[in-house]
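This report takes up two topics, the packing of a pair of helices and the build of a sheet. Please keep the sequence and the structure in view while reading.

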Amino acid sequence: MKRKILVTGGAGYIGSHTTVELQNAGYEVVIVDNLSNSNAKVIDGIEKITGIRPAFEQVDCIDYPALKGVFDKYPGIKGIIHFAASKAVGESVHKPLLYYRNNLVSLLNLLELMPEYKVEGIVFSSSCTVYGQPETLPVDESAPIQPALSPYGNTKQINEEIIRDAIYAGVPYKSIILRYFNPIGAHKTAEIGELPNGVPQNLLPYLTQTAIGIRKELSVYGDDYSTPDGSCIRDYIHVVDLSKAHVVAIERLLEGKSKDQLEYFNLGTGNGVSVLELIRAFEKTTGVKVPHKIVGRREGDIEQIWANPRYANEVLGWKAAETLEDTVQSAWNWQLKLRERGIM
Ligand code: NAD
Ligand code: WQD
C-alpha cells in the first residue's frame, strides 16, 4: 500500500520537482495548489516524467473548510510537505498583510487539521533568509536567527516558531524544518522547471531570459561588496537535489527515525558562488554569452551566505550531488524548451 503524502504548493517550482521524486520513491501524492503562482499544466509535466498523474485539488490552503475537504476526500494522508506560500521578497514589502495572511494561515490550518486526520508529520519549507547575514560562514543550524529584513522573511521565522510552539504544546505529530539556500535549475527532462510570473526577481531565471534574448541585459546588483570579486555570494543548489532531500525528510518522519519531535536542516551545497562566477559558469558551460552590467546594490541583499551542510549530510544521509555546471545547463535546457513551446 503506497503511503499518501499531501504536497501543498505542488504545482510550484520546488513542489513539482519534489512530487516527481516522491513518486519515484513509491509515494502516492496529493497536490493542493491554488495556482496563484503556477499553472495546472505542471501536473501534465509531472505525469510525462513519471507516468503517474498525481491527484490535484485546486484549493486555497487558507480556506479551512476546503482544505478539510481534501483530507476527507483522500483518507489516509500520512505526511505533509508544505510548500504553499507567497515568496516574492520585494512584493512582501508592499503587500505585508497578504503575505502574513497567506503564509501564516495556510500553516495554521494544516497544523490544526493534522491531529484530526492522524497525519504523522509535516516537512516545512523554510529559508536561509532566517539567518540574515551570518556572523560566521559557512552557516550551520546553530547560527542565530536574525531580525527579518522583509515581511516574507518574517513569515518564515514566525512559521518556524508556530511549529516549535505547537510541538512544545504536545501535538501528536513530528516536524522537520528545511532551510533552503538558493534553489536553481530544472528537471533533466525539461518537462518542469521554474516559471516565474512577470519579470523574474531571482538571478538565474533573469539570466537565462537574458541569454535567450527576452531581457536586454542582466543587471549585477553591486560589485563593491567585501567578496573576492566584489559581487554577492550565495549557495546555489540544484532543485532536484533539494527535492530529494524532502523525500529523505518525509521518510525520516514516517519511519520514526527522527531524533527529536522537531528537527532543522540546512539544505545547501556548502559552496559559495558569486554572481559574476555564476555568469561565467553559465557562459562557459552553455557557450552562450550573457550581456550584463554592474549597477548599484539591491536594497535588502545580504553580502554572502553559504551552508555548512554537514548536519544534513551526516544525519539525513543526504548530500547535494549535481555540479554547478550541470545545474546551470539544466536551467538553460528548460529556457530553450519554453522557447520551443512558444511559452516565452
Ligand atoms: P512557487 O511560487 O513556485 O510555489 C509555491 C506554490 O504554492 C505555487 O504553485 C502557488 O500557486 C502555491 N500557493 C501559494 N499560496 C497558496 C495557498 N494559499 N494555497 C494553495 N497553494 C498556494 O515557489 P517555490 O520556489 O516552489 O517555493 C516553495 C516554497 O519554498 C515556498 O514556501 C518558499 O517560501 C520556499 N522557499 C523557496 C526558495 C526559492 O528560492 N525558490 C528559497 C527558500 C524557501
Ligand atoms: C541572488 C543574487 C542578487 C537578480 C531570494 C530570497 C530568498 C529565497 C531565494 C525565498 C543576489 C543577485 C539577482 C538580478 C543580480 N526566496 N542578482 N541581478 O536574494 O539570494 O534570495 O531568493 O525563500 O528568501 O531572498 O536570490 O536570486 O534574488 O539573488 O545581481 O537580476 O543575485 O543581488 O546577490 P536571493 P536572488
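Which residues in H9 meet which residues in H11? In this predicted model, Leu278, Ala281, Phe282, Thr285 and Thr286 are the residues of H9 that meet H11, and on the H11 side they face Leu324, Glu325, Val328, Gln329 and Trp332. By character, the residues of this contact of H9 with H11 divide into 6 nonpolar, 3 polar and 1 charged. The axes of helix H9 (residues 275–286) and helix H11 (residues 324–340) come within 9 Å and cross at roughly 75°, and the two helices are therefore roughly perpendicular to each other.

The sheet is open and is formed by 7 strands, whose order is S3-S2-S1-S4-S5-S6-S11 and whose pairing is parallel. Strand S3 (55–57) and strand S11 (262–267) stand at the edges with a single partner strand each, so that one side of each is left without a neighbour in the sheet. From one strand to the next, the twist averages 20°. Strand S1 (residues 4–8) and strand S4 (residues 77–82) pair in the parallel sense over 5 bridges, and Leu6 stands opposite Ile80 in S4.

Two helices that pack on the sheet are set out below.

| Helix | Strands touched | Angle between directions |
|---|---|---|
| H5 (residues 96–116) | S1, S4 and S5 (121–127) | about 165° with S5 |
| H8 (residues 239–254) | S1, S4, S5, S6 (174–180) and S11 | about 165° with S6 |

Strand S11, which stands at an edge of the sheet, is thus among the strands that H8 touches.

How values were computed. Residues are numbered from 1 along each chain as its sequence is written. Chains are lettered from A and ligands numbered from 1 in the order in which they are written. This is a predicted model: local features need pLDDT of at least 70, side-chain atom pairs count only at pLDDT 80 or more; totals for chains, interfaces and linings use all residues. Side-chain values use heavy atoms; hydrogens and water are left out. Axes are lines fitted to C-alpha atoms, for helices over the stretch in contact, and angles run from 0 to 180 degrees between N-to-C directions. Helices (H or I, at least four residues) and strands (E, at least two) are DSSP runs, numbered from the N terminus. Angles under 35 degrees count as roughly parallel, over 145 as roughly antiparallel, 65 to 115 as roughly perpendicular and the rest as oblique. Contact means heavy atoms within 4.5 Å. Ala, Val, Leu, Ile, Met, Phe, Trp, Tyr, Cys and Pro count as nonpolar, Asp, Glu, Lys and Arg as charged, and the others, Gly among them, as polar. Two strands pair if DSSP finds at least two bridges between them.
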